[in-house]
Amino acid sequence: MADRARAGNGMARAREALIVGALRAISEHGVKRTTMNLISDISKTARGTLYNHFRNKAELLRAVTEYEVERIGTLGINAATKRDPDAGLKVVLTEISNHPVLAYLREHEPEALIPLIMMQDNEQWHRVFELAKEIGKYGEERSEEIVRKSIGAILNPVRSSETLF
């Protein structure tokens, strides 16, 4: 039983290394020029392992998006406090605005951002909405506003000197 748990942990570590490698590759080379081989090289993971986790680049990109939604949402949840529920939103908008992948795409491949902002019916946007509600313990209307601000930050980063609200 312990061997199975260790194997599961190793698989989770390999998957995360591949996702982090993909993030690095995309932030340096963009979506178009990032290949599965490049991700394998950057993550120092065998190509066979890469293909055991992800059948193709599209599947890997979905996993990257899910990973980042959860990571950024968790940062927001952890930053929110009872005295300042908007602190979580500030963290989320700052993280999105300063995200190296989004920065690269805004400058070099803006067309690659379209799927991110057009997936409102996608399961990921439903997760974003749920995280928005959890971040500030907001109702539906305020959570929708947070999602809209997050989408806005993908396209037009919030500068630290700007008012977030």
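The following legends describe close-up views of a predicted model of one protein chain.

**View 1. The protein chain as a whole contains nine helices and zero strands.** From the N terminus on, its elements run α-α-α-α-α-α-α-α-α. The chain has 165 residues, and 40% of them are buried. Among the contacts in the chain with a separation of 6 or more, 61% join residues that lie 24 or more positions apart.

**View 2. The largest nonpolar core of the model consists of 40 residues, of which F54 and L60 touch the most other members.** Several helices each supply at least two residues of this core: α1 (2-33), α2, α4 (57-79), α5 (86-97), α6 (100-108), α7 (114-117), α8 (123-136) and α9 (140-155). The surroundings of L60 can be followed residue by residue. Leaving aside its neighbours within four places in sequence, L60 is in contact with L18, I19, A22, M36, I39, L50 and F54. Two of these partners, M36 and I39, are buried residues of helix α2.

**View 3. Helix α2 spans residues 36-43 and is followed by K44, a residue with a positive phi.** Within the helix, M36, I39, S40, I42 and S43 are buried. In an α-helix there are 3.6 residues a turn, so residues three or four places apart point the same way. Just after α2 comes K44, in the loop between α2 and α3. The phi angle of K44 is near 55°, a positive value in a residue other than glycine. K44 is exposed, with a relative accessible area of 76%.

**View 4. H53 is a buried residue of helix α3 (residues 47-53).** The relative accessible area of H53 is 15%, and H53 therefore falls under the 20% limit for a buried residue. Not counting residues up to four places away in sequence, H53 touches M11, A14, R15, L18 and E59. One of these residues, L18, is also in contact with L60.

**View 5. Helices α4 and α5 pack with their axes 7 Å apart.** Two packed helices are described by the angle between their axes and the distance between the axes. For α4 and α5 the angle is about 150°. Because this value lies over 145 degrees, α4 is roughly antiparallel to α5. The crossing of α4 past α5 is right-handed. On the side of α4 the contact is made by R71, I72, L75, G76 and A79, and on the side of α5 by A87, G88, V91, V92, E95 and I96. Seven residues of this contact are nonpolar, two are polar and two are charged.

**View 6. I72 and E68 are two buried residues of helix α4.** I72 counts as buried at 10% relative accessibility. Not counting residues up to four places away in sequence, I72 touches V92, E95, I96 and H99. I72 and E95 are 23 residues apart along the chain, yet their C-alpha atoms are separated by 6.9 Å. E68 likewise counts as buried, at 9% relative accessibility. Leaving aside neighbours within four places in sequence, E68 is in contact with L23 and H99. H99 thus appears among the contacts of E68 as well as among those of I72.

**View 7. Helices α5 and α9 pack at an angle of about 20°.** Their axes are 8 Å apart. Because the angle is under 35 degrees, α5 and α9 are roughly parallel to each other. The crossing of α5 past α9 is right-handed. From α5 the contact involves D86, L89, V92, L93, I96 and S97, and from α9 it involves R142, I146, K149, S150, A153 and I154. Of the residues in this contact, seven are nonpolar, two polar and three charged. V92 and I96 of α5 belong to this contact, and both also take part in the contact of α5 with α4.

Key: Residues are numbered from 1 along each chain as its sequence is written. This is a predicted model: local features need pLDDT of at least 70, side-chain atom pairs count only at pLDDT 80 or more; totals for chains, interfaces and linings use all residues. Side-chain values use heavy atoms; hydrogens and water are left out. Buried means under 20% relative accessible area, exposed over 50%, partly exposed in between (1.4 Å probe, protein chains only). Helices (H or I, at least four residues) and strands (E, at least two) are DSSP runs, numbered from the N terminus. A nonpolar core is a set of buried Ala, Val, Leu, Ile, Met, Phe, Trp, Tyr and Cys residues joined through side-chain atoms within 4.5 Å. Contact means heavy atoms within 4.5 Å. Axes are lines fitted to C-alpha atoms, for helices over the stretch in contact, and angles run from 0 to 180 degrees between N-to-C directions. Angles under 35 degrees count as roughly parallel, over 145 as roughly antiparallel, 65 to 115 as roughly perpendicular and the rest as oblique. A crossing is left-handed if the near helix is turned anticlockwise from the far one by less than a right angle, and right-handed if clockwise. Ala, Val, Leu, Ile, Met, Phe, Trp, Tyr, Cys and Pro count as nonpolar, Asp, Glu, Lys and Arg as charged, and the others, Gly among them, as polar.
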